[in-house]
Amino acid sequence: MISKFDDVFVFPGDKLFKLENGDNIRIGQGILKKGDCLVAVKPGYLHKDGNKVWVETAQKRYIPAVGDLVIGVVVDRSSEFYQVDVGGFSTALLPLLAFEGATKRNRPHLSVGSAVYARVVSVDRDSEPQLSCLLPGTQHSWVTGETVFGELKQGNLIHCSISLCRNILLGRNTVFTELGKYIPFEQATGMNGRIWVRSQSAGHVVLLSNLIICSENMTNDQLSGMIRSLVSKMTTQMSPTR
Amino acid sequence: MRDEPVSLLEKNFALEALQADIRVDGRKLDEARLVNFEFGSQYGTVTVRLGKTKVFSSVTVEVVEPTTDRPAEGFVTFSVDLSPMASESLMLEYLSSGRTSSTLEEAAEIVRFLQQTIRESHAIDTETLCIVAGVQVWAIRVDIHVIDHCGNALDACCMAALASLLHVRRPDVTIVGNDVFIHGLEEREPVPLTVHHLPISVSFGIFLDGDLIAMDPNLQEESVMEGTLSIAVNAHKEICAFRKAGGAPVETSLIFKSASNAYLRATEVTVQLEKALKDTYNRNTIASVKPLQVETTKKAFPLNEQVQGVTAVWKHVVEQHALENEEKREDQPNMTSISNTEMKVFISDSEGSYEKVDELSASTDSDDETAPAVIARPRGGKGRPKNKK
Amino acid sequence: MSEFASLGRRDGRKAYEIRGFRCELGYLERADGSCRLEQGKTQVVAGVYGPLEARGRNELPDKTFVDVSIRPCQGYAADYLRLRERELKEIFVATIAAELQPRSCVSLVIQIIENDGSLKAAMINACMLSLLSAGIPCNWIASSCTVSYHSKDTFLLDPTLVEELEGHATAVISYGFEGPKPVPSHNLIGLSCSGFVSSKDIYFSSLSYSQEACKKVYEFIQLVTKRSQTIDGEQLSGIDH
């Protein structure tokens with residue numbers, strides 16, 4: 001049985017701890033209840049926050065969870081929903097009207113292949129996950145193009161591992177802060193292993209994409225060192241071409 | 001079929017980048033991804049990495065009867081298997097339809113192109129594969145497995161087929177009267193096949209209605225490609241095969257330009273292939289000097305026995321070698337040896353290999369001045385396993 | 001044990017010694033989980049896709065469908081491989097926590113690169129590593145080991161191809177390990193034995209030795225998996241306070 005939570009790497013089949021009567025624990029990904037025991041089913045670091053327990057795994061395939069920000073690609077549309085691929089087990093549904101300020105007459109039209117930045121609002125074992133581009137509390141309508149969620153235009157989409165996205169979103173990986181010191185760019189990170197980047201020129205985007213992918217296996221110190229040495233080279237090389 | 005769908009964003013960006021004279025992975029237009037040959041310990045097995053595309057190939061050598069209309073010619077056959085592990089769409093295809101992945105159109109096209117480049121250009125002459133005309137000839141079968149499909153599988157397959165044909169050895173043969181002796185590998189040094197020249201296939205993607213051509217397209221570029229152009233060239237500047245199956249029309253001047261680029265690339269690959277082969281020989285001779293010294297009796301092998309790689313014949317050699325050694329060994333019956341020594345062995349072993357792997361993938365990721373990201377990539381310090389995304 | 005057991009083997013190992021392992025996790029770019037495993041000279045590449053949406057005959061209303069496909073290095077899949085596929089499938093149906101994701105499908109593909117004995121055990125170990133790297137929920141960690149029975153009541157662990165051919169029986173024994181580190185519990189999950197074993201005693205003693213070997217493999221799998229999720233010894237998914 002594991003009593004300490006920090007810094008514990010668990011493997012499938014590891015018994016985590018016994019549940020006692022009256023224990024109120026929410027189990028997250030990678031953990032299964034077997035009898036009166038909680039057992040890990042995935043390899044990874046064990047995490048606990050309040051009464052929530054979960055295992056963080058480095059994997060490629062996305063498993064939707066409520067509240068995650070994702071970048072999806074529209075694969076089909078019906079009269080009420082867009083079918084959106086989020087890289088998970090099944091496609092997700094995005095209602096046609098789930099955009100800020102959208103009405104039946106005035107709503108965004110996404111074509112097949114468009115990329116959307118959205119939020120997962122419901123996940124159920126037996127049905128498809130639901131997405132939404134609504135953000136409670138914003139004043140902007142989708143028309144203004146100033147909403148957080150919605151269609152992503154221009155730029156490039158990078159495919160990377162879920163753990164890299166998680167580390168970026170949780171601020172453990174500082175690739176964007178480091179890059180931002182030197183190159184102006186826009187980015188959106190989805191929890192499903194996709195990152196969208198837009199910058200002034202194609203060359204910049206290519207550079208950013210490659211750096212982001214490289215940053216996965218680096219510590220933050222190595223990263224800032226790399227970017228610094230790179231940028232000094234870049235400024236000499238890139239400026240004459242443009 | 002549901003593969004990870006490629007968004008319009010990515011497609012447009014690939015084109016935008018190409019127009020700006022740069023590729024999504026940081027290459028130049030006429031620059032191919034890095035290629036790496038990794039030969040196995042059996043004759044004729046090789047794993048080729050072209051960027052992230054991985055292809056495994058192995059060769060079987062057999063003695064068979066020739067056909068009646070061509071009694072003095074051997075056989076060279078190719079089979080290409082697009083393994084379900086190569087991509088998600090191939091996997092779904094396999095799951096829904098069962099065992100048909102090698103009959104896919106793409107595989108058939110690759111096989112056809114291989115026949116053109118290697119057999120029909122006489123890189124391997126089928127006439128040299130004859131043992132006794134009308135009675136026995138060599139049949140050479142190249143099995144190619146695409147195990148990771150990240151764009152341009154055709155070039156990778158072609159290089160893999162060629163590399164494994166160069167690496168394979170067939171048993172030596174002596175003919176005395178009407179008897180044919182096929183010598184075991186321990187008896188006589190097996191002989192390599194006669195390869196006259198090395199046709200290296202170089203593919204180009206055609207973009208923007210044929211206005212733009214880029215060498216060695218990767219996966220993202222393949223999604224916006226309007227056809228391919230494959231040219232197989234050898235180091236003598238000879239074009240061995242040319243293939244442009246439909247697609248957008250291309251100006252002839254562009255084709256001339258790409259043919260000369262293909263030649264440069266082919267020279268580069270040839271040098272690399274020869275170096276890789278030489279390295280494996282050096283390694284193999286050191287490893288195999290000992291067993292080959294073991295004296296053996298001469299005996300004829302049954303003719304139709306499949307003499308492939310090392311397995312069957314090697315057995316005798318190893319046995320005798322081991323008999324000698326067995327006497328020298330002192331006895332120490334304890335099983336803790338599994339735990340301590342072995343555990344240590346493979347940790348240190350793996351560290352070496354990881355580092356090698358790291359270097360390789362680092363240099364294949366992206367390599368040129370626009371994205372010299374590689375330069376500062378960590379060397380893995382303490383040999384950590386590679387966890388590519 | 002007879003004197004044979006104490007003698008060295010032709011590659012210098014002792015009778016109960018297993019060969020060195022090497023593994024490259026995440027070998028394939030496109031598969032969800034993959035690895036290339038070398039066990040001595042035996043070499044396999046395993047790739048996992050999943051969970052995918054199951055369709056048609058693969059769809060099970062209450063659990064995950066598991067498919068195993070083995071690709072030989074030469075020629076097309078032969079019948080004996082069908083049998084291997086079946087055996088592997090049974091092991092992994094039990095290993096994968098199938099009830100977590102109904103109507104899904106997990107597909108394992110194994111490419112044989114080189115066979116130098118203990119092939120099936122290597123395939124099982126490679127599949128387990130790929131499943132872990134793909135993050136497929138599993139009930140335990142399966143690890144496997146081959147035993148080859150020889151004359152004079154002796155047996156060898158992790159035989160090479162030559163040894164396998166010489167012996168008159170070969171058994172592939174797989175254990176499932178669960179539980180945190182100090183004392184992992186283990187259960188026999190797969191045993192297939194072909195050929196003739198001379199006595200009951202030798203059979204049972206081989207089981208206990210193979211268990212020890214499987215434990216070594218289990219530790220190796222843990223080591224590789226843990227390393228793949230850390231950067232330079234530093235925790236990749238660090239704890240944020």
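In which handedness of crossing does α2(C) pass α3(C)? The crossing is right-handed. The model shown in these views is predicted.

**View 1. Packing of helices α2 and α3 in chain C.** Helix α2 of chain C covers residues 79-95, and helix α3 of chain C covers residues 119-134. Their axes lie 11 Å apart and make an angle of about 40°. That angle makes α2(C) oblique to α3(C), because angles count as oblique when they fall outside the ranges for roughly parallel (under 35 degrees), roughly perpendicular (65 to 115) and roughly antiparallel (over 145). On the α2(C) side, the residues that meet α3(C) are R84(C), E87(C), L88(C), I91(C), F92(C) and T95(C). Their counterparts in α3(C) are K120(C), M123(C), I124(C), C127(C), M128(C) and L131(C).

**View 2. The largest nonpolar core, with F37(B), L114(B) and I118(B).** This core has 74 residues, and F37(B), L114(B) and I118(B) are those with the most contacts inside it. Helix α4 of chain B, residues 153-167, gives the most to the core, with twelve residues. Apart from this core lies another one of 65 residues, which includes V68(C), M123(C), L129(C) and C214(C). In soluble globular proteins, nonpolar side chains tend to be buried together.

**View 3. Surroundings of L114(B).** With neighbours within four places in sequence left aside, L114(B) is in contact with F78(B), V80(B), R119(B) and I144(B). The other contacts of L114(B) on that basis are C157(B), C158(B) and A161(B). For chain B as a whole, eight helices and 14 strands are assigned. Chain B has 389 residues, of which 57% count as buried. Of the contacts in chain B between residues at least 6 apart in sequence, 72% join residues at least 24 apart.

**View 4. Backbone at D209(B).** D209(B) is not a glycine, yet its phi is positive, near 55°. The residue sits in the loop of chain B between β11 (200-207) and β12 (212-215). D209(B) has a relative accessible area of 58% and is therefore exposed, the cut-off for exposed being over 50%.

**View 5. Backbone at S118(C).** S118(C), also not a glycine, has a positive phi of about 55°. Its place is the loop between β5 (104-114) and α3 of chain C. S118(C) is buried, with a relative accessible area of 1%.

**View 6. The cis peptide bond before P51(C).** The bond from G50(C) to P51(C) is cis, and its omega is near -5°. P51(C) belongs to strand β3 of chain C, which spans residues 42-53.

**View 7. E100(A) and its contacts.** E100(A) lies in the loop of chain A between β10 (92-95) and β11 (115-124). Its relative accessibility is 15%, so E100(A) counts as buried, the cut-off for buried being under 20%. Beyond neighbours within four places in sequence, E100(A) is in contact with C133(A), L134(A), L135(A) and T138(A). H140(A), S141(A), W142(A) and T147(A) are also in contact with E100(A). Y62(A) is 38 residues from E100(A) in sequence, and their C-alpha atoms are 26 Å apart.

**View 8. Domains of chain A.** The domain assignment divides chain A into domain 1 (9-56), domain 2 (69-152) and domain 3 (156-238). Taken over C-alpha atoms, the centres of domain 1 of chain A and domain 3 of chain A are 33 Å apart.

Terms used. Residues numbered from 1 in each chain as written. Chains lettered and ligands numbered in written order. Predicted model: local features only at pLDDT ≥ 70, side-chain atom pairs only at ≥ 80, totals over all residues. Heavy atoms only, no water. Domains from an automatic or database assignment. Core = buried A, V, L, I, M, F, W, Y, C linked by side-chain atoms within 4.5 Å. Buried < 20%, exposed > 50% of the residue type's maximum accessible area, 1.4 Å probe, protein only. Helix = DSSP H or I, 4+ residues; strand = E, 2+ residues; numbered from the N terminus. Contact = heavy atoms within 4.5 Å. Axes fitted to C-alpha atoms, helices over the stretch in contact; angles between N-to-C directions. Left-handed = near helix turned anticlockwise from the far one by under 90°.
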